[in-house]
Amino acid sequence: MNLFFDYSVDIDFTSSNALAVPKNSIIRNSFIASDIEIVSQTPSWLLSIRGASVNGYHKDSFDGLQYFSFDNDVEIQGPFGSVTVLKNSILKCTDVACDNVSIYYTFDRDVQIDAFSIYITGDIYFSVDHAVVTHGLSIFPADIVVVNIMTDTYTVEVDSQQAINGQIIGIKSNIDAISVFPFEPIFVSFKEAGCISGSSTLCYTNNDVISIGNLHIEPLFAPTYFGEYNNPTNLSSLTVTIPSDVIFVDGFE
């Protein structure tokens, strides 16, 4: 089955076929490496935001609605008028064309989110840019935390200090892209290249997509469109989408 990987990077870059790609473009890469789209996933107002980068992105597989967060407070302009999006807020497009938007959720001001994904229940999976204590939890940048939006309670879903099948992510890592399905696993990318050690060692770049499940941590996918080695790109947001008519019974295989 084909999967689509929609992502953004933190800088403007030149693609492998010499196209100039602005940061804040949403790039689509499929499991079939030759199947690539640029910009078609991107609302026009998003391209005009030059003072901030997309650091979190989610696209719902079923209704096509998109969600964004940014690494700085920004004022966006579009068919909806002018909207201020704080760096600790998630913006939701309320229609597929992103001509109308609303603030989906705002975290405490000292919480700098670094990645997020929306579960089918509306709950938010997120990571932080720096260690912080919020809602009674001490959170590190390699942890993944879930917000129950009905009760506004926070729980740790992936603890970077706890072993997963003998492997420990470690608090010195930093997850800066997350995507969740209605089942295991969680897909992530890290801000910097590194290795996960333990019963086995997994090394990755800052553009690799890693699959994390209850019993595994393993590489899944690497984008193919970043061009020459001297493009210092970092995959800064991610959402993995699936055909809406696919029914999953026993999980991801």
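Here are some notes on this structure, which is a predicted model.

1. Overall make-up. Start with the secondary structure: one helix and 25 strands in the chain. The C-alpha trace spans about 50 × 45 × 40 Å along its principal axes. The radius of gyration is 17 Å, and a compact globule with 253 residues would come out near 18 Å, so the chain agrees with that expectation. Buried residues account for 52% of the 253 residues.

2. Aromatic pairs in general. Two rings are described by how far apart their centres lie and by the angle of their planes. Here the count is 12 aromatic pairs. One of them is F107 with Y154, an edge-to-face pair with 6.5 Å from centre to centre and 90 degrees between the planes.

3. Where F107 and Y154 sit. This pair links distant parts of the chain, with the two residues 47 apart. F107 is in the loop between β11 (101–106) and β12 (113–118), while Y154 belongs to strand β17 (residues 153–158). Are they buried or exposed? F107 has 3% relative accessibility, so it counts as buried. Y154 has 8%, and because the cut-off for buried is under 20%, Y154 counts as buried too.

4. A stacked pair. For F190 and Y204 the ring centres are 4.4 Å apart and the planes are at 20 degrees, so this pair counts as stacked. It also links distant parts of the chain: F190 is in strand β20 (residues 186–190), Y204 is in strand β22 (residues 202–204), and 14 residues separate them. Both F190 and Y204 are buried.

5. Other ring contacts. If you want a group of rings to look at, W45, Y57, F68 and F80 form one aromatic cluster. There is also a charge over a ring: R28 lies over the face of F4, 4.6 Å from the ring centre.

6. The cavity. How many cavities of 30 Å³ or more does a search of the whole structure find? The search turns up one. The largest cavity holds about 120 Å³ of space. Its lining has 14 residues, and those nearest its centre are H58, S61, I120, V180 and P182. Strands β6 (54–59) and β25 (235–241) each give at least two residues to that lining. Sorted by class, the cavity lining has nine nonpolar, three polar and two charged residues.

7. The pocket. The largest pocket has a volume of about 270 Å³. It is lined by 18 residues, with E157, V158, I186, I212 and N214 closest to its centre. Both β17 and β23 (209–213) supply at least two lining residues each. Strand β17 is also the home of Y154 from point 3. By class, the pocket lining has 12 nonpolar, three polar and three charged residues.

8. A look at K87. Where is K87 in the chain? It is placed in the loop between β9 (81–85) and β10 (89–93). K87 has 28% relative accessibility, so it counts as partly exposed. K87 and I113 are 26 residues apart along the chain, and their C-alpha atoms are separated by 7.5 Å.

Notes
Residues numbered from 1 in each chain as written. Predicted model: local features only at pLDDT ≥ 70, side-chain atom pairs only at ≥ 80, totals over all residues. Heavy atoms only, no water. Phe/Tyr/Trp six-rings, centres within 6.5 Å; stacked < 30°, edge-to-face > 60°. Helix = DSSP H or I, 4+ residues; strand = E, 2+ residues; numbered from the N terminus. Buried < 20%, exposed > 50% of the residue type's maximum accessible area, 1.4 Å probe, protein only. Lys NZ or Arg CZ within 6 Å of the ring centre and 35° of its normal. 1 Å grid on protein atoms, 1.4 Å probe; cavity = no way out; pocket = protein on both sides within 12 Å on 5 of 7 lines; lining within 4 Å. Points joined across faces, edges and corners; volume = space filled by probe spheres on them. Nonpolar A, V, L, I, M, F, W, Y, C, P; charged D, E, K, R; others polar. Rg over C-alpha atoms; globule rule 2.2 N^0.38 Å.
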